[in-house]
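Hi,

Here is the structure I promised to pass on. Have a look at it first, and then read on for what turned up.

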Amino acid sequence: MLLSDMEAEATQLVHRHWEHDTACIKSLCSIRDEFLAQEPASDDTLTVKPAIDSDDTGYRYTFAHFNEIATEQPRPVDPVDTRDNSRTGELLPILVGKLESAMRLHEDIQGNTAGIKQNQRPELTPLYLRLMTLHDRHLHTHRLFLDEKLTDPGMFLLRLKQTLSALNPEPNEIKTPNDLAARWDDHQISLANNLEALREKLYSPTGGSDISQWMRRQLGGSIPQDSVEQLVSTLHPVASFVHEDLIRRIGTRRSLIALLHRFKERCEWHDRDRLRKLAEQSKRPEDVLTAELARWLFDQGLSPLTRPLAGGLQPDLLDPSVLYVEAKRYRDGKKARHHIIQGTHELYDAVTRIKGTKYDITEAFYVVFREGGPRFKLPEVIRGDGWVTLPIVIDIAPLTESGSRQKNKPIELGEDELGPTREG
């Protein structure tokens, strides 16, 4: 489950990158359309794409290529590549080149653009300024993305999984010469990245000593041990980083779960009558029960905030570093099910608004106090978008209505019913 959490966080990071890329492409296409309306002579959208093995330099900076890239699906993200391989990163040079060519910007002796003051098409200046602003904003966002990508454990986990997939890739059906050429390109990439050497070491029965003569020639006569060690040495710190973060998550989650289960035991064994009486006498019983939990967490060394105003909502309990808690209670069966489900939706809304702030949440705890009515059995985990909720039921009903005295089986609520994608 923790590995899934790491992957989900990495996926969320990639999706934010894709959203930025898509928004930039929309703006670039708008500038393209305005530019061609003023400069129709620069329209080369009908340029024919060259054959796969031909020089495509002339095609690369045409509007035909621009339109091809702009209609692509978002590109996969390499977890460790620092280059800008986004569609926006490839579209910007095309459009910048087109505008600068039309404006005939002069260059000084060192090849530096002298500036828009000397351009020959001043009516294109507003478009050029918009393009340069978009260029700088994309560069800034790309650097922020690199900062996150190169320090995110989930991205490192994806790198390991991608390497395993590359070592034994799913075969594609070869129908055309282009498919065969793509297969050869993949093989050359494997050789260049030392994947072929490691693949033979792993999957050959004799560690590669029985591979074909053709493969030996491709690998330089024998499997180069240095190549294998080089690839393994690059993967070792990646695996270590994932391992360290996994250990941290295990320790953190186990500690918090143990802490809350200790609070559950205290309430059910020693404090149920007092807590129930406090709730019955209060006009805001959930606040009273939340305060009890807040004091408990504070006494255990945490620093929870009671009803902080975060994102326009009032979550019941929030530790700024790691802990978010939503507390609900019920005492009869009339609306208990609806109340419990509604509570998870309130939690989802609150965490969604808090995400991305200094209260960035990866784990949430949903505490339900039962004062009477039917018993409910909640799932061990409820998955959200980049975080997980761990629900806990605390039974403070009279002893005559609890434990073995309950004749009916608990009502089970599934993750699909409590999850964020369902309506209340």
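**A helix on the inside**

Let's start with helix α3, which is largely enclosed by the rest of the structure because six of its eight residues are buried. Those buried residues are Phe63, Ala64, His65, Phe66, Ile69 and Ala70. What do they pack against? Their partners are α1, α2 (57-60) and α4 (87-103). Helix α3 (residues 63-70) also has the highest mean pLDDT among the elements of the protein, at 95.

**The whole chain, and how far to trust it**

Keep in mind that this is a predicted model. The protein averages a pLDDT of 79, and 77% of the residues score at least 70. Where is the confidence lowest among the elements? That would be helix α9 (residues 213-218), with a mean pLDDT of 49. Over residues 218-223 the pLDDT stays under 50, and the model has 18 contacts beyond four places in sequence for that stretch.

As for the general layout, you'll find 14 helices and eight strands. The protein has 424 residues, and buried ones make up 42% of them. If you take the contacts between residues at least 6 apart in sequence, 70% join residues at least 24 apart.

**Around α1 and α5**

Leucine 134 lies in helix α5 and is buried, as its relative accessible area of 12% is under the 20% cut-off. Leaving aside neighbours within four places in sequence, leucine 134 is in contact with Cys24, Ser27 and Leu28. Cysteine 24 is 110 residues away from leucine 134 in sequence, yet their C-alpha atoms are 7.4 Å apart in space. Cysteine 24 counts as buried too, at 6% relative accessibility.

While we're on cysteines: cysteine 267 is at 0% relative accessibility, so it counts as buried. How many disulfides does the structure hold? Zero.

Now for aspartate 84, which sits in the loop between α3 and α4. Aspartate 84 has a relative accessible area of 28%, so it is partly exposed. Beyond its neighbours within four places in sequence, aspartate 84 is in contact with Gly89, His138 and His142. There is also leucine 139, 55 residues from aspartate 84 along the chain, with 8.8 Å between the two C-alpha atoms.

His138 and His142 turn up again in the lining of the second largest cavity, alongside His17, His20, Thr141 and Phe145. This cavity has a volume of about 30 Å³. Which elements give two or more residues to its lining? They are α1 (2-38) and α5 (125-149), and α5 gives the most, with four residues. By type, the lining divides into one nonpolar residue, five polar and no charged.

**The largest cavity**

A search of the whole structure finds two cavities of 30 Å³ or more. The largest holds about 70 Å³ of space. Eleven residues line it, and the closest to its centre are Thr344, Leu347, Tyr348, Ile382 and Thr389. The elements that give two or more residues to this lining are α13 (336-354) and β6 (382-383). Helix α13 provides the largest share, three residues. The lining of the largest cavity divides into six nonpolar residues, four polar and one charged.

**One more residue in α13**

Histidine 339 is also found in helix α13. Is histidine 339 buried or partly exposed? With a relative accessible area of 28%, histidine 339 is partly exposed, because that value falls between the 20% limit for buried and the 50% limit for exposed. Once its neighbours within four places in sequence are left aside, histidine 339 is in contact with Glu286, Lys328, Arg329 and Tyr366. Arginine 329 is ten residues from histidine 339 in sequence, and the distance from C-alpha to C-alpha is 8.2 Å.

That's the tour. If you open the model yourself, you could begin with α3 and the helices it packs against, α1, α2 and α4, and then go on to the largest cavity and its lining from α13 and β6.

Cheers

Methods: Residues are numbered from 1 along each chain as its sequence is written. This is a predicted model: local features need pLDDT of at least 70, side-chain atom pairs count only at pLDDT 80 or more; totals for chains, interfaces and linings use all residues. Side-chain values use heavy atoms; hydrogens and water are left out. A disulfide is a pair of cysteine sulfur atoms within 2.5 Å. Buried means under 20% relative accessible area, exposed over 50%, partly exposed in between (1.4 Å probe, protein chains only). pLDDT is the predictor's confidence in each residue, from 0 to 100. Contact means heavy atoms within 4.5 Å. On a 1 Å grid over the protein atoms alone, a cavity is a set of points where a 1.4 Å probe fits but cannot get out, and a pocket is an open set with protein on both sides within 12 Å along at least five of seven lines; lining residues have an atom within 4 Å of a point. Grid points are joined across faces, edges and corners, and a volume is the space filled by probe spheres set on the points. Ala, Val, Leu, Ile, Met, Phe, Trp, Tyr, Cys and Pro count as nonpolar, Asp, Glu, Lys and Arg as charged, and the others, Gly among them, as polar.
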